[in-house]
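Reader: Could you take me through the main pocket of this model closely, with its lining and volume, and then turn to the packing in the interior? I would like one connected account.

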Amino acid sequence: WEINGSFYQPSAFLMMGIPGLEALHRWISIPFCALYLIALLGNCVILFIIKKTQSLHEPMYYFLSMLAVTDLGLVLCTLPTTLGIFWFNMRRIGFDACLTQMYFIHILSFIESSVLLAMAFDRFIAISHPLRHSSILTKTTIIKIGLAIILRGMVSLLPIPFLLKRLTYCGNELSHSFCFHPDIMNLACADIKVNVFYGMIILLSTVGMDFIFIVLSYILIIKTVISLATKEECLKALNTCVSHICAVLVFFIPMIGLSMIHRFGKNVPPLVNALVAYTYLIIPPALNPIIYSIKSSHIREALLRTLRRKSG
């Protein structure tokens, strides 16, 4: 502990694997390794296919590339500490290293939320104004949207590490194998009202607003689809949204669950807390490339063409 008068700050935090199942960590690491491998390979394949296939150089797939890059970042943020605990029982992480990991995990989560909103906007324009789609979402506009998404995440979360560094801590054992803002904040024995208030405001004004606008986008999409002349046109339009809807549900449901557990679920069993956290950070990066590969015929066909060329 670093002691300065009445100010106490741990030099390091101790991370937790899966509570109650520590003896099985080596075996538990097998499905985790599989999920990490699927996430890394799947998202790299998506990026490779989009880059190499000229017909996929359009707004929907540019946003999908952003999603894949974000998912890769999330995987690389949590993989070292998670597998370090499961394989080598390396629970210790330096205080500043923990704050750095936490900052990037939250930034990437906010970026993923914003990219999903941008993808919902893309689907709305494609269905409601198909003739103006390419003129509205030009390459320049997409680049500006991407930069705005990154800047919003970085700026809104910049005060969080400094708000945590000013606190006095009474404990140093985290609930997860990664650093999460509410988890660190709850170890403090100082007044954390500022942290709670700022964290809630930022969460509601970014991820919360993203979710509301995604829902509104789909209300407008459904309104447009209902006005289409034939049932076949209606189903065709909705089919282009299925993969995005799946990605939204896979990301937002565990994220909302984890946020609620940390803020209001004091009596939730630690095992449930851990499982929701891993679902939030590992499942979406692993499932997103699978969902888009299955539901997008363009990506599936491009992937098959690439495999044929490689085998030929």
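**The largest pocket and the nonpolar core**

Author: In this predicted model, the largest pocket is lined by 22 residues, and those that lie nearest its centre are Met60, Arg123, Lys236, Thr240 and His298. Two or more lining residues are given by each of the helices α2 (59-88), α3 (95-128), α4 (133-136), α9 (231-239) and α12 (297-311), and the largest share, four residues, comes from α9. The volume of this pocket is about 560 Å³, and its lining, sorted by class, has eight nonpolar, eight polar and six charged residues.

Turning from the pocket to the interior, the largest nonpolar core has 86 residues, of which Phe13, Leu64, Leu116, Leu164, Tyr169 and Ile184 touch the most other members; helix α3 gives the most to this core, with 18 residues. Phe13 illustrates the packing: leaving aside residues up to four places away in sequence, Phe13 touches Arg91, Arg92, Ile93, Phe95, Cys98, Tyr169, Gly171, Asn172, Leu174, Ile184 and Leu187.

Helix α3 also holds a polar residue worth a look, Ser113. Ser113 counts as buried because its relative accessible area is 0%, where the cut-off is under 20%. The side chain of Ser113 makes a polar contact with the side chain of Asp210, at 2.7 Å, and, again not counting residues up to four places away in sequence, Ser113 touches Val207, Asp210, Ile214, Phe251 and Phe252.

Terms used: Residues are numbered from 1 along each chain as its sequence is written. This is a predicted model: local features need pLDDT of at least 70, side-chain atom pairs count only at pLDDT 80 or more; totals for chains, interfaces and linings use all residues. Side-chain values use heavy atoms; hydrogens and water are left out. On a 1 Å grid over the protein atoms alone, a cavity is a set of points where a 1.4 Å probe fits but cannot get out, and a pocket is an open set with protein on both sides within 12 Å along at least five of seven lines; lining residues have an atom within 4 Å of a point. Grid points are joined across faces, edges and corners, and a volume is the space filled by probe spheres set on the points. Ala, Val, Leu, Ile, Met, Phe, Trp, Tyr, Cys and Pro count as nonpolar, Asp, Glu, Lys and Arg as charged, and the others, Gly among them, as polar. A nonpolar core is a set of buried Ala, Val, Leu, Ile, Met, Phe, Trp, Tyr and Cys residues joined through side-chain atoms within 4.5 Å. Buried means under 20% relative accessible area, exposed over 50%, partly exposed in between (1.4 Å probe, protein chains only). Contact means heavy atoms within 4.5 Å. A polar contact is a pair of N or O atoms within 3.5 Å; within protein, one must be able to donate a hydrogen and the other to accept it, and residues adjacent in sequence count only if both atoms are side-chain atoms.
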